Amino acid sequence: MSTRTPHRPPAAETVRDTVTESVGGTVGGPVVEQLADELWDAVSVADEYTAVEVVLGALERGVDPESVLLDVIARVQGKVGEEWAADRLSVAQEHAATAINERAVAALSLHPAARTTPTRGRITVACVDGEWHALPARLLAEVLTLRGWQVDYLGAQVPAPHLIAHLHRTDSYAVALSSSIATRLPTAHAAITACQAVGVPVLVGGAAFGPDGRYATLLDADVWAPDARTAADRLALGPLPRPRPDHQQLDDLPHLADQEYTLITRNSASLVRAVFTALQDAFPAMRTYSEVQLERTAEDLAHIVDFLATALYLGDEDLFAGFITWTAQILTARGVPASSLPPTLAVLGRELKDFPRATRILERGAEDLTPVDHSTAESRS
Ligand code: B12
């Protein structure tokens, strides 16, 4: 193992405080903006050849490969997400654009301008188990490679036992864990604790950890960074904090002792079924739903229960409230009324009346929904 500092800060080191302000953040400028426009034009119509030409052409004109990855490809991928959320890109168009951006990253990494010889230690980059958002982790992996690290990129959904076996086999200096979807945070926590137990410091990032990295601190990760550039800057600054070897998951989240998270997670399938049945009375428009609409409703309910469980795990009402208001916006953007959400939360609340923390989280979600306009017709397309 490589050298590590003997001290450890009380919470995840949030690199934004120390580095982002000075050297991190997004590089703008007319060249990258124009490249981003060109790449967007190509990926939004699934034109892979032009997309790869834009990226490789930029390298040939001397644009820094890191800037192409982060200020062009990552920026365009962010726009893919925004356009999908606003219902201006279909799911299929979003999938095609993402797949092309992934191939553009692969093409960039093989170009001579992006070839590097490792001069630093070995780092494992992986997504948490159940996490399909591999592109953010891949971007990080490529940036670290460009900065001279020897990177083992393990891709999407890596089960913790395989990750640990890999760390042992490769004697990694650190592990960089990526998660984009908040419902993977309980799994991320288990992976963080397992890596730390074998003495490997854990750097975390991705949208799941919150824009300010608050869940990284809560889950006792060693370092959080908001983006790949800042993460690479932090790694270059010096050794990472040393993980506490004797640390248990419950130490971070004492509220889990009430068992609400465990009980709700264990019985989530029957909870979804019970709410689905009761909702037919609480939200009569559901009785006119087609098979497909009913299937979507069941999926949405499962998602709501997943987010409720995650909020219980983290002890964070904001997480659930943010998810519910986001869901209302997504439905509204697609012309589907969000008026089914308040009765859904009310029925869930009745089913979970003996769970005080769940009750509070559901009440908070309902309160935050109030400003949303529910006036549209009670049907689902
Ligand atoms: C593409 C995409 C997908 C693809 C992923 C394919 C792939 N190969 O990656 C697919 C179609 C599989 C997918 C599936 C789903 N997705 Co999706 N997806 C996206 C989308 C559009 C883009 C993600 C992305 O690539 N972003 C671009 C990069 C650059 O992201 P980034 O986070 O900025 O990355 C940087 C930093 O975070 C940081 N970083 C990342 N990892 C790490 C790690 C470390 C250690 C460090 C230090 C830094 C770091 O560095 C990166 C580069 O600077 C986002 C929307 C968006 N705006 O991001 C939604 C999004 C992430 N998805 C979302 C959802 C809900 C889902 C699904 C649940 C949808 C569904 N109903 O099935 C599933 C979940 C699947 C799963 N279990 O993981 C939501 C998550 C909402 C939430 N509150 O958690 C989002 C935000 C969409 C939205 N606006 O609501 N998705």
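Which residue in β4 is the bridge partner of Ala126? In this predicted model, the partner of Ala126 in β4 is Leu177. That pairing belongs to a set of five bridges between strand β2 (residues 122-128) and β4, and the two strands run parallel. A further pair in this set links Val125 to Ala176 of β4.

Ala126 also pairs with β3, where its bridge partner is Gly155. Strand β3 (residues 150-158) is joined to β2 by six bridges, again in the parallel sense. The chain passes from β2 through α6 to β3, and this β-α-β crossover is right-handed. β2 itself is mostly covered, with six of its seven residues buried.

The other partner of β4 is strand β5 (residues 202-205). Four bridges connect β4 and β5, and the pairing is parallel. Within this set, Ser178 has Gly205 of β5 as its bridge partner. Here the chain crosses from β4 through α8 to β5, and the β-α-β crossover is right-handed.

These pairings belong to an open sheet of six strands. The order is β1-β6-β5-β4-β2-β3, and the pairing is parallel. β1 (13-14) and β3 stand at the edges. Each of these edge strands has a single partner, so one side of each lacks a neighbour in the sheet.

How are the two faces of β4 covered? In a regular strand, side chains alternate between the two faces of the sheet. On one side of β4, Ala174, Ala176 and Ser178 are buried. On the other side, Val175 and Leu177 are buried. Strand β4 (residues 174-178) thus has five of its five residues buried, so the rest of the structure largely encloses it.

The ligand is surrounded by 38 residues. The closest are Gly81, Trp132, Pro136, Ser178 and Gly205. Two of these names recur from the sheet: Ser178 and Gly205 are the bridge partners that link β4 to β5. Two or more residues of the shell come from each of α4 (65-85), α5 (91-110), α6 (134-146), β4, β5 and α10 (228-237). Which element gives the most to this shell? It is α4, with eight residues. By class, the shell holds 23 nonpolar, 11 polar and four charged residues.

Helix α10, one of the contributors to the shell, is mostly covered. Seven of its 10 residues are buried. The buried residues of α10 are Ala228, Arg229, Thr230, Ala231, Ala232, Arg234 and Leu235. Gly238 follows α10 and has a positive phi, near 155°.

The loop between α10 and α11 (249-252) contains Pro241. Is Pro241 buried or partly exposed? Pro241 has 18 C-beta neighbours inside 10 Å, so it counts as partly exposed. The threshold for a buried residue is 20 or more. In sequence, Pro241 lies 39 residues from Val202. In space, the C-alpha atoms of Pro241 and Val202 are 9.0 Å apart.

At the level of the whole chain, the domain assignment gives two domains. Domain 1 covers 13-19 + 28-251, and domain 2 covers 256-369. Their C-alpha centres lie 31 Å apart. How many residues of domain 1 are in contact with domain 2? There are 10, and they meet 10 residues of domain 2. On the domain 1 side, α8 (185-197) and α9 (214-218) each supply at least two of the touching residues. By class, this side has eight nonpolar, one polar and one charged residues. Helix α8 thus appears in two settings: α8 lies on the chain path from β4 to β5, and α8 also supplies residues to the side of domain 1 that touches domain 2.

Key: Residues numbered from 1 in each chain as written. Predicted model: local features only at pLDDT ≥ 70, side-chain atom pairs only at ≥ 80, totals over all residues. Domains from an automatic or database assignment. Contact = placed C-beta atoms within 7 Å. Nonpolar A, V, L, I, M, F, W, Y, C, P; charged D, E, K, R; others polar. Buried ≥ 20, exposed ≤ 12 C-beta atoms within 10 Å, placed from the backbone. Pairing = 2+ DSSP bridges. Right-handed = clockwise from strand over helix to strand, strands pointing away. Near = placed C-beta within 6 Å.
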